[in-house]
Amino acid sequence: MSSVTIDKAAPTRTVKYGSMSRDRKWALRWSYFFLTLFAIFSLLPPIYMLITSLKSSAEISAATNPWWVFHPTLENYVGLLTSNQFLRFFWNSALVSIFVVTITMLISVPAAFALARMRFWGSATLATGVFLTYLIPDSLLFIPLFKVFALFGDWTGIQLINRWYVLLFIYPTLTVPFCTWIMIGYFASIPKELDEAAIIDGASWFQTLTRIFIPVALPGLIAATIFAFTVSWAQFLYPLVFTTSTDQLVLPVGIITTLIKGDVFNWGQIMTGALLGAAPPLIIYAFLMDYYIAGLTAGATKG
Amino acid sequence: MADVALRPDGIGTAQPARKRSGLQKALKRRSTAAFLMTLPLIILIALLVIYPAFYSLHLATLNKSMQKFVGLGNFEFLFRRDTFWLVVKQSCIFAITAVVFKALIGFIVAHFVHNIPAKGQRKWRGMLLVPWVIPPAMSTLAWLWLFDPSYSAFNYTLSFFGIGPIPWTGDAAWARFSVILVNVWYGAPFFMIMYLAALKSVPDQLYEAAAIDGANWWQRIWYVTLPMMRNIIAITTLFSLIVTFANFDIVRILTAGGPLDHTHIFATWAFRIGIEGSDIPLGASVSLFMVPILAVAAIFILRDVNKRGNEA
């Protein structure tokens, strides 16, 4: 009985081997084919931004082949980079993002440390609460926040609306919960022995944080920093609601409100501005892709 | 181990008393320190998230000039308006369709990336994640230009195939399609990355065992991959549902709700009414309609997160 099955199995096995490797080769070809399609789909808008940004407005309105630049010119770049208004937007965006990243880190790192290591009354509830806050979207809060800041201005006489620095108060509501959340995950994964050793050696809590936790969880810290930067650089709704004067605008809102004048779209400049606005996150991403992805996946896998 | 056991004996008898008071002090210091460290976080969340959230409940009960209490008047007014029901319908269509396509495309692309040799995966993953990295406001501008009524690069290309100019953002049905397309373009990479991470965590032995048992590729996906990835799929989908439901940037820039309110979703309509139309209470009431769906999604996410926490 057994010898019969072996005899029968032997030839089919070799045939199957051949077909499997052929299958594999075809699967690979199909994978590359579809990946190329998806990559084209993914990269189409940024590439089209680049193509348009190199065209003069005459070439754009001549409606020649949109996918090709016949007379490449840098006039859009020169035009934007010498315009004080655009540089002002860029400067505002940079200022807001850098401050927000600093504020976020100063709030979320100690909080994450306390929540991950120093269990105290209500700490578990607070950790869940932080996570829930992360789920509250900006489009739910912008109207009450606008009113709250308007009322604050009426009561105290300190007018915050239509000042770029009002964003420093608002953006942390988007960045802090997520950063705290992923830092809790990173801190919790540090072995307890490490901080026990530090405490035994006489380190204070503050020293344990700065000498042990921050260096060990540096990859997480970088991921959180990148996240905070990308969010504050890309945020569109809050600056659209809270700032209106052209000298207070950040980049995304600035491009949309000043380069689009009524029905006149200066597409060459708009695409140049959009590309320059997309550049900082893209550059960070190009150099720190692994941290970027770590931060992205940590949100759901570490939870 | 031996050192630890020896030390108390070696230090002697004077230790216990000092040790306890030191411990008490440390405990006291520890909870105060912990509280101080979380205080900024608590203040931030309380003042700028929880307070405004409840304040919007209060706002929703006021009249336009915010001087008179009207109870549920704003909601009554909304229920009688056709535009409101249009917005509800569109929000649901938009969010559900976009999330389904994002999840499907993300799943398929993740498989393709996982399929190719590990050496090249980084490069492909890097290219495919670009849509997620570009600020959505910026990339939507590029889409707006690709969809331009008179200079659309898509229509230029399609004209070679004899397909007539498509009114990408001019016609209600096409505008809905365009908005969803851009959202899928922006969000699918996120799913791809999540699924790829999940795929990598499925042990190879399971696939080997399935292959030995004679499972074909479909059975391998259905009986091995999907059950192993169930948690990630659930969490990613719920996350994305929240984000897509609350989306603002893409719709605002691409169509601004037009043509004739046919692409408005909750966020853009609330902005139009509350900020542009300066009827803050009505705008607040509109955005409050996002809460039930967000709450349901949040409950499910939280359940999954806690379950995972218990497993670990």
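## A two-chain model with helical spans

In chain A, residues 164-188 are 88% helix and 0% strand, with 36 Å between the C-alpha atoms at the two ends. This is a predicted model, and its overall scores are ipTM 0.83 and pTM 0.83.

**Spans listed for chain A**

The stretch just described also appears in a record: an unreviewed UniProt entry lists residues 30-51, 89-116, 128-152, 164-188, 209-230 and 272-294 of chain A under "transmembrane region". Here is how two of those spans look in the model.

| Span of chain A | Distance between end C-alpha atoms | Helix | Strand |
|---|---|---|---|
| Residues 30-51 | 29 Å | 100% | 0% |
| Residues 164-188 | 36 Å | 88% | 0% |

**Two domains in chain A**

The domain assignment divides chain A into domain 1, residues 2-53, and domain 2, residues 75-301. Measured in the model's C-alpha atoms, that is, computed over them, the domain centres are 41 Å apart. The two domains do touch: domain 1 of chain A brings 5 residues to the contact and domain 2 of chain A brings 8. On the domain 1 side, 3 of the residues are nonpolar, 2 are polar and none is charged.

**Where the chains meet**

Which residues build the contact between the chains? Chain B supplies 73 residues and chain A supplies 74. Helix H2 (residues 15-59) of chain B gives the largest share of the chain B side, with 18 residues. By class, the chain B side holds 60 nonpolar, 10 polar and 3 charged residues.

**A bent helix in chain B**

Helix H9 of chain B runs over residues 172-200, 29 residues in total. From first to last C-alpha, H9(B) reaches 42 Å, close to the 42 Å expected at 1.5 Å a residue. Where does H9(B) bend? The bend, about 35 degrees, is at Gly187(B), and the proline Pro189(B) follows within four residues.

**How far to trust chain B**

The mean pLDDT of chain B is 81, and 88% of its residues score at least 70. Confidence in chain B is highest in helix H7 (residues 136-146), at a mean of 90, and lowest in helix H1 (residues 2-11), at 39. Residues 1-17 of chain B have a pLDDT below 50, and this stretch makes 0 contacts in the model beyond near neighbours in sequence. Predicted coordinates should not be read in detail where pLDDT is low.

Terms used: Residues numbered from 1 in each chain as written. Chains lettered and ligands numbered in written order. Predicted model: local features only at pLDDT ≥ 70, side-chain atom pairs only at ≥ 80, totals over all residues. Domains from an automatic or database assignment. Contact = placed C-beta atoms within 7 Å. Nonpolar A, V, L, I, M, F, W, Y, C, P; charged D, E, K, R; others polar. Expected span 1.5 Å × (residues − 1). Bend = angle between axes of the 7 residues up to and from the residue. pLDDT = per-residue confidence, 0-100. UniProt positions renumbered as here; feature names shortened; annotations may be inferred.
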